[in-house]
Amino acid sequence: MVVSLDLSDRDKRAALSASAGASFMDEQKKPLIGLSREEMRLVLIEIGVPEKQAKMRTSQIWHWLYVRGVSDFALMANISKVLREMLEESFSIARPEIVEEQISKDGTRKWLMRFPARGAGKPVDIETVYIPEKNRGTLCISSQVGCTLTCTFCHTGTQRMVRNLTSEEILAQLLVAKDRLGDFPDRDTPQGGIAPERVRLVSNIVMMGMGEPLYNFENVKSALLIASDSDGIALSKRRITLSTSGVVPGIYRTGEEIGVALAISLHAVNDELRNELVPINKKYPLKELLDACRNYPGINNARRITFEYVMLKGVNDSLNDAKELARLLKGIPAKINLIPFNPWPGSEHECSDWDQIEKFADFINACGYASPIRRPRGSDIMAACGQLKSESEKMKARERLAMAAMVSGHGDE
Ligand code: SAH
Ligand code: SF4
């Protein structure tokens with residue numbers, strides 16, 4: 001059963017979003033969210049803030065935006081009314097419209113957010129997923145609307161690429177989740193939020209939503225550096241994981257310029273099969289990819305690279321594949337995440353049988369690798385890996401029914 005807030009009419013949607021601020025993200029005004037401190041200082045000077053004050057004002061605004069989570073200049077109590085009005089006139093700090101919020105029976109939440117068109121013709125919708133677990137809460141963030149790549153098992157890969165998300169939009173996903181969960185200190189927990197006690201509800205982020213983050217490098221970098229800024233949201237870089245299908249030059253840059261944890265969508269242990277499943281392999285074959293992993297800064301047994309491996313029946317799930325996988329990763333501090341394939345209508349693959357997944361996992365374990373099997377989460381609300389597809393490309397009702405029938409066999413019990 002899906003607990004879905006019935007948000008069919010616009011008033012209710014506005015009410016849902018209004019808990020975060022009075023108006024929606026506005027493309028006519030310059031965003032402050034997503035700018036580095038230095039960029040913010042410069043735009044403040046541009047609107048007439050005296051140079052001597054600009055650094056101090058930047059720190060104040062930064063605190064309001066990222067520690068207190070405000071999305072309305074009027075709430076910035078230590079900033080004069082005159083300056084607040086100047087800020088209001090030039091800049092936007094509003095949240096996007098939340099079109100839909102769904103809560104799965106396993107506690108997973110999915111938000112459908114609407115961002116301005118920014119040249120894409122019409123506004124774009126993206127999905128962000130929150131996965132609560134016993135000792136952590138992980139937010140799965142999107143980096144693009146659609147994807148230019150066409151991995152054969154991925155639903156997003158069937159969607160046309162619409163545009164990159166801006167750094168503001170990438171951060172907005174985190175800010176909206178924190179709003180809706182009640183994860184900002186000194187703010188009321190919204191109706192339907194989880195708990196006011198001061199645990200961090202969003203303790204981890206993974207760039208594993210829609211899109212290839214390394215094809216939107218600059219915006220992803222800006223957003224992640226802000227999310228990990230110690231005077232703001234202050235997530236440790238060890239708790240931020242960027243997942244890539246294998247954009248090798250971007251992996252080197254991630255290590256040097258962002259410094260977050262890395263996940264590689266591996267899925268195959270030889271070039272022939274990987275060329276087919278993850279076509280970017282033709283450009284950056286396995287050897288180059290694994291060399292980049294070996295050279296990733298700061299990796300050791302406490303900070304391992306995650307290799308994601310989707311289990312496709314009869315395609316990549318034999319014990320020979322498992323053996324080859326262990327051989328391939330030799331010498332790389334690695335953790336292997338086995339992902340049962342999540343089906344979608346029209347997909348050409350099937351998920352491996354459960355006992356085959358377990359045999360595969362046992363084999364890898366015996367070779368000394370941690371190889372957790374990722375339990376499908378939120379599949380009743382289509383929030384599981386590879387199932388995200390924006391509302392702009394909404395499935396037909398018939399497809400939804402087919403999907404519901406398919407996922408019912410992949411429960412989250
Ligand atoms: N583009 C990036 C990040 C987004 S995909 C990447 O490819 O790494 C996040 C993860 O979900 C990837 O490992 C991807 O391979 C996996 N995935 C995609 N479709 C899936 C599906 N249908 N079932 C299970 N996992 C899937
Ligand atoms: Fe794009 Fe990642 Fe899906 Fe491949 S798996 S199509 S890179 S989102």
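Does Pro343 count as buried or exposed, and how many C-beta neighbours does Pro343 have inside 10 Å? Pro343 counts as buried because 23 C-beta neighbours lie inside 10 Å, where a residue is termed buried if 20 or more other C-beta atoms lie within 10 Å of its own, exposed if 12 or fewer, and partly exposed in between, with C-beta atoms placed from the backbone. Pro343 is found in the loop between β14 (334–340) and α11, and its C-alpha is 8.2 Å in space from that of Phe153, although the two are 190 residues apart in sequence.

The structure is a predicted model, in which local features need pLDDT of at least 70 and side-chain atom pairs count only at pLDDT 80 or more, while totals for chains, interfaces and linings use all residues. Residues are numbered from 1 along each chain as its sequence is written, and chains are lettered from A and ligands numbered from 1 in the order in which they are written.

The secondary structure of the chain comes to 12 helices and 14 strands, where helices (H or I, at least four residues) and strands (E, at least two) are DSSP runs numbered from the N terminus. Of the 413 residues in the chain, 47% are buried. Among contacts between residues at least 6 apart in sequence, 67% join residues at least 24 apart, two residues being in contact if their C-beta atoms, placed from the backbone, lie within 7 Å.

Three helix pairs are described next. Helix α10 (residues 319–328) packs with helix α11 (residues 354–366) at an angle of about 30 degrees, their axes being 9 Å apart; axes are lines fitted to C-alpha atoms, for helices over the stretch in contact, and angles run from 0 to 180 degrees between N-to-C directions. This angle makes α10 roughly parallel to α11, since angles under 35 degrees count as roughly parallel, over 145 as roughly antiparallel, 65 to 115 as roughly perpendicular and the rest as oblique. The crossing of α10 past α11 is right-handed, which is the term used if the near helix is turned clockwise from the far one by less than a right angle, an anticlockwise turn being left-handed. In this contact, Leu319, Ala322, Leu325 and Ala326 of α10 meet Lys359, Phe360, Phe363 and Ile364 of α11. The residues of the contact of α10 with α11 comprise 7 nonpolar, no polar and 1 charged, with Ala, Val, Leu, Ile, Met, Phe, Trp, Tyr, Cys and Pro counted as nonpolar, Asp, Glu, Lys and Arg as charged, and the others, Gly among them, as polar.

The axes of α5 and helix α6 (residues 217–227) come within 8 Å and cross at roughly 40 degrees, so that α5 is oblique to α6. The crossing of α5 past α6 is right-handed, and Ser167, Ile170, Leu171 and Leu174 in α5 meet Asn219, Val220, Ser222, Ala223, Ile226 and Ala227 in α6. By class, 7 nonpolar, 3 polar and no charged residues form the contact of α5 with α6.

For helix α7 (residues 248–258) and helix α9 (residues 286–294), the axes come within 9 Å and cross at roughly 5 degrees, and α7 is therefore roughly parallel to α9. Val248, Ile251 and Tyr252 in α7 meet Glu288, Leu289 and Ala292 in α9, a contact whose residues divide into 5 nonpolar, no polar and 1 charged.

Several loop residues were also examined. Asp183 lies in the loop between α5 (167–181) and β10 (204–207) and counts as buried, with 26 C-beta neighbours inside 10 Å. When its neighbours within four places in sequence are left aside, Asp183 is in contact with Lys178, Arg200, Leu201 and Val202; of these, Leu201 is 18 residues from Asp183 in sequence and 5.9 Å away in space, C-alpha to C-alpha.

Most residues other than glycine have a negative phi. Ala234, in the loop between α6 and β11 (240–244), nevertheless has a positive phi of about 60 degrees, and Ala234 is exposed, with 12 other C-beta atoms within 10 Å. His267, in the loop between β12 (261–265) and α8 (271–277), likewise has a positive phi, near 70 degrees, but His267 is buried, with 26 other C-beta atoms within 10 Å.

The residues around ligand 2, taken as those whose C-beta atom, placed from the backbone, lies within 6 Å of it, are Cys147, Leu149, Thr150, Cys151, Cys154, Thr156, Gly157, Gly211, Glu212, Ser245 and Ser265. By class, this shell has 4 nonpolar, 6 polar and 1 charged residues.
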